[in-house]
Amino acid sequence: MSLDLRTATRGLVAIQAALARRVSHQQAIMLPHGRWQRLCRLQTHYQIAGQRGWSAAASHLQIQWQQQLGWFETDLQVLQRRLPTAVVPSLRTLYDELRGLEQEFEQVTLDLAATTLTVTSDAIVLEDLDFGPFALRWNWERLPTDDALTVVALEPLRPDGRDDLTHPHVLDDRLCVGDGWLGLEAALATGRLSDYFVILRQVLRTYNFDSAYQALTHWFAVTCHDCGMQVTADDRRSCARCGTELCDSCAAYCPDCNEPHCHRCQRTCDDCESAWCRACWPRTTGIAAEPCPRCVVAANSATDLEDERDDETQTNLAPAIPTVEVHADCLGEMALAAGSGTDRDQRFRDFAPS
Amino acid sequence: MRLLFINNDGGGFADEIDVTDGLTVRQLFEQRLPQGQPGDYLIRVNRQPTTGDTVLQPGDRVTITPLKIEGAFQG
């Protein structure tokens with residue numbers, strides 16, 4: 001075996017002692033009193049709610065009662081299954097288990113100072129996503145508690161924005177073993193370390209999309225800052241001003257810089273309804289219905305056009321207007337060149353103040 | 001002859017069982033998991049990989065572990 005015999009022996013003695021403590025801990029029978037008391041309390045509340053006609057409360061309590069009853073049933077099953085099988089394995093058995101582990105896993109490490117037995121899995125690939133190898137670190141001194149095992153990704157493939165997730169069933173280096181729980185309990189109860197780690201590895205190799213911390217389809221998805229929808233990597237946009245992630249529907253493209261912006265970093269023109277970023281359209285006045293730069297340009301162009309037309313009209317009219325001598329007694333009157341009445345009316349309309 | 005049979009599917013409990021002499025791994029699997037497919041399980045004899053034709057010996061330890069064990073999340 002690759003572990004040196006001295007280290008292995010010392011480690012196995014320590015593991016055996018820890019498993020013996022676990023057995024004695026379990027043999028101190030702990031009946032699920034707390035669960036039973038909760039059930040009794042819920043039943044009393046349910047009866048009171050029924051007597052007083054509080055149907056909504058009764059319905060809610062019934063659901064809670066059924067849930068607690070299910071847990072109570074599980075507690076009893078676990079109790080029943082744990083006790084008869086819990087035995088302290090011999091050192092020979094533990095030695096064989098360690099050898100079995102070396103057959104199954106490329107790397108097996110015993111750290112006496114840290115009181116850990118660590119095995120390294122091969123790369124875990126789920127639906128074409130490579131999560132890399134995992135170190136399954138089992139601290140035998142923490143055995144009676146739930147935190148004896150940590151599952152550490154060695155080449156983590158984390159979803160964007162989630163430093164706590166390294167696998168659909170691993171959160172904060174804790175593997176939620178789901179269906180593997182009973183098998184793991186049974187393996188530890190008889191010191192079957194190789195089965196224990198093999199079951200853990202198989203849990204890692206299995207993707208349960210119904211009960212994942214994050215679905216694989218959304219592993220690289222982000223939440224749209226504006227609408228809250230999950231957006232895949234291909235469809236997401238980033239606000240050019242504040243950097244928040246957006247879906248394509250919520251990203252408003254500024255007509256000037258053509259960059260996407262979130263709702264907070266944009267202004268919408270009341271006239272043309274175009275969404276501008278606040279850099280291209282800074283708020284310069286306190287007027288709520290201030291026109292956007294495009295509308296301003298359009299308005300100015302219209303004014304310029306009118307001015308040009310006015311100038312043209314004046315130019316056209318100039319030769320036709322005879323030089324008249326204005327006398328004080330004919331102020332306000334002007335002699336115009338002969339022409340059609342329609343032309344004259346149009347010219348007057350053009351001169352008319354808007 | 002007697003074997004130690006460990007089925008890690010579900011409860012994962014170890015049972016000592018009596019089987020006929022000359023029983024192969026495949027035959028034991030068919031007896032114990034008639035609905036199962038051998039390809040869906042890791043089968044080990046005395047913690048070593050094995051083949052379906054391996055003839056079991058008295059005192060052998062046979063372990064069957066499903067390839068797929070569904071994890072969950074703690075809500």
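# A walk from a small sheet to the interface

Start in chain A: select Leu171(A) and then Arg174(A) in β9(A), because these two are bridge partners. One thing to keep in mind as you click around: this is a predicted model.

**Stop 1: the strands around that pair**

Now widen the selection to strand β8 of chain A, residues 170–171, together with β9(A). The two run antiparallel and are joined by 2 bridges. Add β7(A) and you have an open sheet of 3 strands, in the order β7-β8-β9, with antiparallel pairing. Which strands sit at the edges? They are β7 (165–167) and β9 (174–175) of chain A, each of which pairs on one side only.

**Stop 2: all of chain A**

Zoom out and colour chain A by secondary structure. You're looking at 8 helices and 17 strands. The chain has 354 residues, and 36% of them count as buried. How do its contacts spread along the sequence? Take the contacts between residues at least 6 apart in sequence: 47% of these join residues at least 24 apart.

**Stop 3: where the chains meet**

Next, show chain B as well and select the residues in contact. You should pick up 32 residues from chain A and 22 residues from chain B. Between them, the two chains bury an area of about 2300 Å², with carbon and sulfur atoms giving 53% of it. Which residues of chain B lose the most area to chain A? Select Arg47(B), Ile69(B) and Glu70(B): together they account for 27% of what the chain B side buries.

**Stop 4: a salt bridge up close**

Keep Arg47(B) selected and bring up Glu97(A). These two form a salt bridge, and their closest N and O atoms are 2.8 Å apart. How many salt bridges cross the interface of chain B and chain A? There are 4. If you switch to polar contacts, the count between the chains is 10 residue pairs, with both residues at pLDDT 80 or more.

**Stop 5: the chain B side**

Finish by hiding chain A and looking at the side of chain B that touches it. Select β3 (41–45) and β5 (61–66) of chain B: each supplies at least two residues to this side. β5(B) gives the most, with 4 residues. Now colour the touching side by residue type, and its residues divide into 8 nonpolar, 9 polar and 5 charged.

Technical notes:
Residues are numbered from 1 along each chain as its sequence is written. Chains are lettered from A and ligands numbered from 1 in the order in which they are written. This is a predicted model: local features need pLDDT of at least 70, side-chain atom pairs count only at pLDDT 80 or more; totals for chains, interfaces and linings use all residues. Side-chain values use heavy atoms; hydrogens and water are left out. Contact means heavy atoms within 4.5 Å. Buried area is the accessible area (1.4 Å probe) that two parts lose on being put together, summed over both. A salt bridge is a side-chain nitrogen of Lys or Arg within 4 Å of a carboxyl oxygen of Asp or Glu. A polar contact is a pair of N or O atoms within 3.5 Å; within protein, one must be able to donate a hydrogen and the other to accept it, and residues adjacent in sequence count only if both atoms are side-chain atoms. Ala, Val, Leu, Ile, Met, Phe, Trp, Tyr, Cys and Pro count as nonpolar, Asp, Glu, Lys and Arg as charged, and the others, Gly among them, as polar. Buried means under 20% relative accessible area, exposed over 50%, partly exposed in between (1.4 Å probe, protein chains only).
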